[in-house]
Amino acid sequence: MYVAVKGGERAIENAHAWLAEERRGDPGIAALTLEQIREQLSLAVNRVMAEGSLYDPDLAALAIKQARGDLIEAIFLIRAYRTTLPRFGGSVPVDTARMNCMRRISATFKDLPGGQVLGPTFDYTHRLLDFKLAADGQAPKAPTREAAPSHVPHVTEFLNREGLIEEAPADDTPPPDLTRAPLELPASRALRLQALARADEGFTLGMAYSTQRGYARNHAFVGELRIGTVPVEMDIPELGFSIEIGEIEVTECETVNQFKGSKTEPPQFTRGYGLVFGQTERKAISMALVDRALRWEELGEDNQGAPAQDAEFVLYHGDNIQATGFLEHIKLPHYVDFQSELELVRKLRREAGADTAGDVAE
Amino acid sequence: MKDGIEPELARKAWLGLLARSPATRVTGLMADRPAFDWLRAPEVGSTMVRGRAGGTGTPFNLGEITVTRCALRLPCGTVGHAYVQGRDRNHAEAAALVDALMQTDAAPRIRAAVLEPLEQEAGTRRQHRAAKAAATRVEFFTMVRGEDR
């Protein structure tokens with residue numbers, strides 16, 4: 001039960017003022033600029049864009065600054081801002097085969113057209129703290145090698161040629177949009193992918209890890225992981241044709257999974273798919289594993305009762321803004337609720353004859 | 001504009017270039033602006049970006065991007081449109097002016113002063129990234145194994 005109470009205004013105002021002061025920290029130290037956050041904390045910016053579900057690096061940098069580096073709070077700010085924007089339309093689906101890749105690796109094929117391109121990765125670093133970074137901000141210049149920008153084909157295309165992997169034929173079904181209609185079950189794959197693309201990275205990682213440890217095990221290999229930029233194209237009614245309205249960086253992961261075959265499908269490899277805004281490969285791989293686990297029904301696999309196979313469990317608990325909203329609301333005043341609980345417990349104790357030590361102070 | 005596919009393709013190309021280019025470059029190169037009337041003042045909104053399951057399959061909603069659009073008319077009656085990435089109204093205004101002027105006699109001047117530099121800079125950026133990526137391409141070699149000796 002909720003009742004209106006007054007009296008907290010001054011305390012709240014003062015708390016906000018103190019929050020602003022704490023956010024600034026020691027005034028003797030230079031304030032962070034949004035450009036610094038955008039350029040030097042770019043992976044935090046990417047995560048906020050991905051889970052905030054709005055690609056705008058400057059806004060994400062502002063949200064991170066305002067949230068004092070609390071990324072879920074920053075994602076909350078972005079989600080709230082997003083609802084104020086008029087929607088101009090939906091894009092033509094991005095063509096990731098046309099990606100200008102900065103990174104592209106395959107764990108399944110050593111020699112593949114386009115090669116294994118590592119890009120600016122943490123992989124193979126020794127994970128030792130680098131005290132040179134504490135001393136100065138000088139960066140070495142990245143070596144270059146002559147190359148013409150070109151598009152590299154998807155790895156799954158090679159397997160497709162032998163019919164060894166399930167195909168993903170194009171269709172033009174308008175996708176459902178969970179920002180416009182409440183998430184309902186059963187959820188189509190399109191809806192699941194939207195929910196996963198904006199789901200919490202930690203939750204998605206935990207779910208994906210559970211499939212690797214044996215809960216709905218499906219033996220995923222990273223067929224391909226690529227990071228790069230793709231143009232975003234949209235039909236413009238007033239022009240009568242489509243134009244590119246921007247360019248975004250995305251991470252795409254395709255897993256290749258073992259599949260014994262089912263009543264309807266021959267033995268072949270199956271696929272899981274991850275696509276996420278920005279350079280976010282942990283999230284993209286996790287998304288692909290969870291996508292694959294959730295496909296058990298359409299592939300005719302057994303329901304092993306694993307959490308990652310349970311669409312309701314995954315989709316209703318993966319959104320960190322919904323989760324934090326409900327979780328954190330319990331710290332807000334519930335005086336009246338609690339008062340009635342208190343009365344109930346006292347009554348039950350009296351009835352049980354247990355209440356001898358006196359009441360809880362009121 | 002409807003007299004053929006060629007002019008439409010050319011217009012599509014410059015509108016895309018203006019949308020993808022950094023706001024500061026477009027506004028900087030288009031500093032000298034003629035008079036015009038707004039048909040639609042710059043408006044910030046979003047576009048839902050879509051992907052495809054498996055890269056090629058069913059479309060799904062990936063997330064939104066911020067976009068600014070506007071439309072304007074030159075005194076001669078030529079209409080310019082812009083849809084540009086981000087929230088910079090000035091970027092959209094400059095882009096719509098370029099779009100309008102490119103349909104007039106000023107086209108060669110605008111192409112040389114605005115579009116060509118933007119195109120060149122975009123090419124350099126792309127080239128530079130490709131060159132850095134190429135330097136991280138793995139060159140596998142096989143070690144001589146014991147039983148081969």
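## Two domains, two chains

Across the interface of domain 1 of chain A and domain 2 of chain A, two salt bridges are found. That is a good place to start in this predicted model, and one of the residues involved will lead us onward.

First, the layout. Chain A is divided into domain 1, residues 9–82, and domain 2, which is assembled from the segments 96–119, 151–166 and 181–324. Their centres, taken over C-alpha atoms, are 29 Å apart. Domain 1 of chain A brings 13 residues to the contact, and domain 2 of chain A brings 19. Between them the two domains bury about 1,300 Å², with carbon and sulfur atoms giving 60% of that area. On the domain 1 side, A:Glu51, A:Tyr55 and A:Arg79 lose the most area to domain 2, together 42% of what that side buries.

Now let's look at the charged pairs. Side chains of opposite charge can pair when their charged atoms come close. A:Arg79 forms a salt bridge with A:Asp319, at 3.1 Å from N to O. The polar side of this interface also includes seven residue pairs in polar contact, both partners at pLDDT 80 or more. On the domain 1 side, the elements giving two or more residues are helix H3 (42–52), strand E1 (54–55) and helix H5 (71–82) of chain A. Helix H3 of chain A has the largest share, six residues. By class, this side of domain 1 has eight nonpolar, two polar and three charged residues.

Which helix holds A:Arg47? A:Arg47 lies in helix H3 of chain A, so do keep that helix in view. The side chain of A:Arg47 meets that of A:Asp200 in a salt bridge of 3.0 Å, N to O. This pair links distant parts of the chain, 153 residues apart: A:Asp200 sits in the loop between helix H8 (189–197) and helix H9 (201–212) of chain A, while A:Arg47 is in helix H3. Within helix H3, A:Arg47 also has a side-chain polar contact of 2.8 Å with A:Glu51. Leaving aside residues up to four places away in sequence, A:Arg47 touches several others, among them A:Leu71, A:Ile75, A:Glu201, A:Thr280 and A:Asn320. The C-alpha atom of A:Arg47 is 9.5 Å from that of A:Ile72, a residue 25 places away along the chain.

Next comes chain B. It contains four helices and three strands, arranged along the sequence as α-α-β-β-β-α-α. Chain B has a radius of gyration of 21 Å, whereas a compact globule of 149 residues would have one near 15 Å. Along its principal axes, the C-alpha trace of chain B spans about 85 × 35 × 30 Å.

How do the two chains meet? The contact takes 56 residues from chain B and 78 from chain A. About 5,900 Å² is buried between the chains, 59% of it on carbon and sulfur atoms. In chain B, B:Leu62, B:Glu64 and B:Tyr83 lose the most area to chain A, together 11% of what that side buries.

The chain interface holds eight salt bridges, and a search of the whole structure finds 37 over all chains. One salt bridge joins A:Asp172 and B:Arg52, at 3.2 Å from N to O. There are also 33 residue pairs in polar contact across the interface of chain B and chain A, both partners at pLDDT 80 or more. Among the elements of chain B that each supply at least two residues are helix H1 (5–20), strand E2 (59–73) and helix H4 (107–135). Strand E1 of chain B gives the largest share, eleven residues.

Key
Residues are numbered from 1 along each chain as its sequence is written. Chains are lettered from A and ligands numbered from 1 in the order in which they are written. This is a predicted model: local features need pLDDT of at least 70, side-chain atom pairs count only at pLDDT 80 or more; totals for chains, interfaces and linings use all residues. Side-chain values use heavy atoms; hydrogens and water are left out. Domain bounds come from an automatic or database domain assignment. Contact means heavy atoms within 4.5 Å. Buried area is the accessible area (1.4 Å probe) that two parts lose on being put together, summed over both. A salt bridge is a side-chain nitrogen of Lys or Arg within 4 Å of a carboxyl oxygen of Asp or Glu. A polar contact is a pair of N or O atoms within 3.5 Å; within protein, one must be able to donate a hydrogen and the other to accept it, and residues adjacent in sequence count only if both atoms are side-chain atoms. Ala, Val, Leu, Ile, Met, Phe, Trp, Tyr, Cys and Pro count as nonpolar, Asp, Glu, Lys and Arg as charged, and the others, Gly among them, as polar. The radius of gyration is taken over C-alpha atoms; the globule rule is 2.2 Å times the number of residues to the power 0.38.
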